Amino acid sequence: MSTELKTTETKRDKTQTLALREPRLPYHPAIEARFGVDKASWKALVEAIFPNATTTESVILALSYCRARKLDPFKRNVHIVPIWNKDMKAMVDTICPGIGELRTTAFRTGEYAGRGKTEFGPDITKQFGSVTITFPEWAQVTVYRMVRGVRVEFFGPQVYWIETFASNRDGSPNSMWETRPRGQIDKCAEAAALRCAFPEEC
């Protein structure tokens, strides 16, 4: 068998293999017409960017959000997080703007002038079902904005962990809040401060 024939067969085998791997969530050609996302990009979105999404509709909602905010969904500025909805009695895919989106939005104004160190409240240890977690009671961040040439402080509110964490069906914190109790509340406190400093944008 010639080298050329072997190469052709190898390419054909790879193509056939790729063709068998359908995206985790159903794809419709209309998605490309509306968002410019082809099937290969869709596969990357649902399997790498939004791995927790459970429906095609929730990914489309995230794409719509990103388009309205002029964001690149592949930069992970938005997350899809299944959160327990007490009224619906079901886990519901929730579109959550990430801290990356708020930082990007603030930088785009040309007036963002940095942030201060996060202040944390006292640690609290609490049991949620069979899970025991130690977390800071609250977190607070200060950000700075240039206002008429002056660097102005904007103190964010104290963001309380118990009021903010994302929960599972049994009321326990989801995996991110369980493994990163300080990191998650830190990001939420920064987001709250950015909304105070840039209310017309964030």
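In which helix is Thr105 found? In this predicted model, Thr105 belongs to helix 5, which covers residues 99-108. The relative accessible area of Thr105 is 7%, and because buried residues are those under 20%, Thr105 is classed as buried. When residues up to four places away in sequence are set aside, the contacts of Thr105 are with Arg69, Glu201 and Cys202.

Helix 5 is also one of the elements that give two or more residues to the lining of the largest pocket, a group that further includes strand 1 (78-85), strand 2 (90-97), helix 7 (175-179) and helix 8. The volume of this largest pocket is about 780 Å³. Its lining consists of 30 residues, of which His79, Val81, Cys96, Gln184 and Lys187 are the closest to the centre of the pocket. Strand 1 supplies the largest share of the lining, with six residues. By residue class, the lining of the largest pocket is made up of 18 nonpolar, nine polar and three charged residues.

Helix 8, which contributes to this lining, comprises 17 residues, numbered 181-197. The distance from the first C-alpha of helix 8 to its last is 25 Å, close to the 24 Å expected at 1.5 Å a residue. Gln184, which is among the residues closest to the centre of the largest pocket, is buried. The other buried residues of helix 8 include Pro181, Gly183 and Ile185, together with Ala189, Glu190, Ala191, Ala192, Ala193 and Leu194 further along, and Ala197.

Turning to the strands, strand 5 (residues 123-128) is paired with strand 6 (residues 131-136) in the antiparallel sense, over six bridges. Within this pairing, Ile124 has Phe135 of strand 6 as its bridge partner. The two strands form a hairpin with two residues between them, and in the turn Gly129 has a positive phi of about 65 degrees.

A further set of pairings involves strand 8 (residues 142-147), which is antiparallel to strand 3 (residues 112-115) and joined to it over two bridges; here Tyr112 has Arg145 of strand 8 as its bridge partner. Strand 8 also runs antiparallel to strand 9 (residues 150-155), with six bridges between them, and in this pairing Met146 stands opposite Arg151 of strand 9. Strand 8 and strand 9 likewise form a hairpin, with two residues between them, and Arg148 in the turn has a positive phi of about 55 degrees.

Technical notes: Residues are numbered from 1 along each chain as its sequence is written. This is a predicted model: local features need pLDDT of at least 70, side-chain atom pairs count only at pLDDT 80 or more; totals for chains, interfaces and linings use all residues. Side-chain values use heavy atoms; hydrogens and water are left out. Helices (H or I, at least four residues) and strands (E, at least two) are DSSP runs, numbered from the N terminus. The expected span of a helix is 1.5 Å times one less than its number of residues. Buried means under 20% relative accessible area, exposed over 50%, partly exposed in between (1.4 Å probe, protein chains only). Two strands pair if DSSP finds at least two bridges between them. Contact means heavy atoms within 4.5 Å. On a 1 Å grid over the protein atoms alone, a cavity is a set of points where a 1.4 Å probe fits but cannot get out, and a pocket is an open set with protein on both sides within 12 Å along at least five of seven lines; lining residues have an atom within 4 Å of a point. Grid points are joined across faces, edges and corners, and a volume is the space filled by probe spheres set on the points. Ala, Val, Leu, Ile, Met, Phe, Trp, Tyr, Cys and Pro count as nonpolar, Asp, Glu, Lys and Arg as charged, and the others, Gly among them, as polar.
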